[in-house]
Amino acid sequence: VTEVPAVRLNDGRSVPQLGFGVYQIEPDDTERAVSRALEIGYRHIDAAQLYGNEEGVGRAIAASGLARDELFVTTKLDIERHGRDSAREALDESLERLGLEYVDLYLIHWPRPAEDRYVETWTGFEQIAATGRARSIGVSNFLVAHLERLAAETATVPAVNQVELHPWLPQQELRAYHRDRGIVTQAYSPLAQGELLAHPVIAGLAARHGRSPAQIVLAWHLGLGNVVFPKSVRPERMRENLDVLDITLADADVTALARLESGRRTGPHPDEV
Ligand SMILES: NC(=O)c1ccc[n+]([C@@H]2O[C@H](COP(=O)([O-])OP(=O)(O)OC[C@H]3O[C@@H](n4cnc5c(N)ncnc54)[C@H](OP(=O)(O)O)[C@@H]3O)[C@@H](O)[C@H]2O)c1
């Protein structure tokens, strides 16, 4: 098993820096995909209520024979279930589907500013953390303004903010804000859902390093300190995406990747969900 670095969270726990994401894996394929990922050596699984495949994740975990404390499992509150009690009930349902006593990390999936309940929901998350049903709590798709409201109106700084981030969308401002506040940056769609991999600059770096385009992009993330969990249903790509810990990019490589910034997103803007 590859030694994946652990990233320290502001609550004293830690998260494996490289994991496996299960968005857009069909429910019927999920057990097989997660089982392969665990065999290959992934120990961090990024799930969500919205993905509709927590049962498959749970079956793969149960079948793996791994001890619970060898795994880091994240799930996220369904966008329709904001609210203090609702957040707790939704987690209980997730735990049932996952077959787990606790998740390592529970995230507010989207802030839904138009609904304006994320502060109340966060107070529910604080209570959940106190019960141990989620060991760490965090948010996803939060902009600086949303994080500032949590800071002003609640007592707990999120352990992580999980946001879309890749060379097209490096999220400089958010990353600097996170760094100042002790929030770990989790980079979702780290490969821009695969769309970035044909870019000639990335292909050129891949050729020069003798590695694949995906490996170059993942090495860039790890070098920045981001936590990532690329998704693939193909075992050869699962292996490839985990086999990146030895890659060191030169400053010139990082500069070349920085020039790709275009603001392009593969998913929606957080204010629009
Ligand atoms: N919090 C949120 O709102 C949010 C939103 C989106 C994603 N996420 C999380 O982030 C995880 C990853 O993001 P993502 O799934 O959107 O996109 P991604 O990991 O950037 O890219 C996945 C796509 O790239 C392909 N791919 C993977 N490895 C590859 C490789 N080595 N070479 C070539 N192609 C490769 C996959 O195809 P194959 O499967 O066919 O290999 C898939 O089409 C998700 O699974 C989810 O856990 C969170």
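How do the residues of the shell around the ligand divide into nonpolar, polar and charged? In this predicted model, the shell comprises 13 nonpolar, 10 polar and six charged residues, and the views below take up the ligand site and then the sheet.

**View 1. The ligand and the residues around it.** The space that the ligand takes up is the largest pocket. Of the 29 residues around the ligand, those that come nearest are Asp 46, Leu 191, Lys 231, Ser 232 and Arg 237. Among the contributors to this shell, helix α9, which spans residues 235–242, gives the most, with three residues.

**View 2. Polar contacts of the ligand.** In the side chain of Gln 162, an N or O atom lies 2.9 Å from a nitrogen atom of the ligand, and a nitrogen atom of the ligand is likewise 2.9 Å from a polar side-chain atom of Asn 241. At Pro 190 the contact involves the backbone, where a polar atom is 3.3 Å from an oxygen atom of the ligand. The ligand taken alone exposes 900 Å², of which the protein buries 89%.

**View 3. The open sheet of eight strands.** The strands follow the order β3-β4-β5-β6-β7-β8-β9-β10, and their pairing is parallel. Because β3 (20–21) and β10 (227–228) stand at the edges and each has a single partner strand, one side of each is left without a neighbour in the sheet.

**View 4. The pairing of β8 with β9.** Strand β8 (residues 160–164) runs parallel to strand β9 (residues 184–188), and the two are paired over five bridges. Within this pairing, Val 163 has Ala 187 of β9 as its bridge partner.

Technical notes
Residues are numbered from 1 along each chain as its sequence is written. This is a predicted model: local features need pLDDT of at least 70, side-chain atom pairs count only at pLDDT 80 or more; totals for chains, interfaces and linings use all residues. Side-chain values use heavy atoms; hydrogens and water are left out. A residue is near a molecule or strand if one of its heavy atoms lies within 4 Å of it. A polar contact is a pair of N or O atoms within 3.5 Å; within protein, one must be able to donate a hydrogen and the other to accept it, and residues adjacent in sequence count only if both atoms are side-chain atoms. Accessible areas come from the Shrake-Rupley method with a 1.4 Å probe; for residues, only the protein chains shown count as cover. On a 1 Å grid over the protein atoms alone, a cavity is a set of points where a 1.4 Å probe fits but cannot get out, and a pocket is an open set with protein on both sides within 12 Å along at least five of seven lines; lining residues have an atom within 4 Å of a point. A molecule sits in a cavity or pocket if more than half of its atoms lie within 2 Å of its grid points. Helices (H or I, at least four residues) and strands (E, at least two) are DSSP runs, numbered from the N terminus. Ala, Val, Leu, Ile, Met, Phe, Trp, Tyr, Cys and Pro count as nonpolar, Asp, Glu, Lys and Arg as charged, and the others, Gly among them, as polar. Two strands pair if DSSP finds at least two bridges between them.
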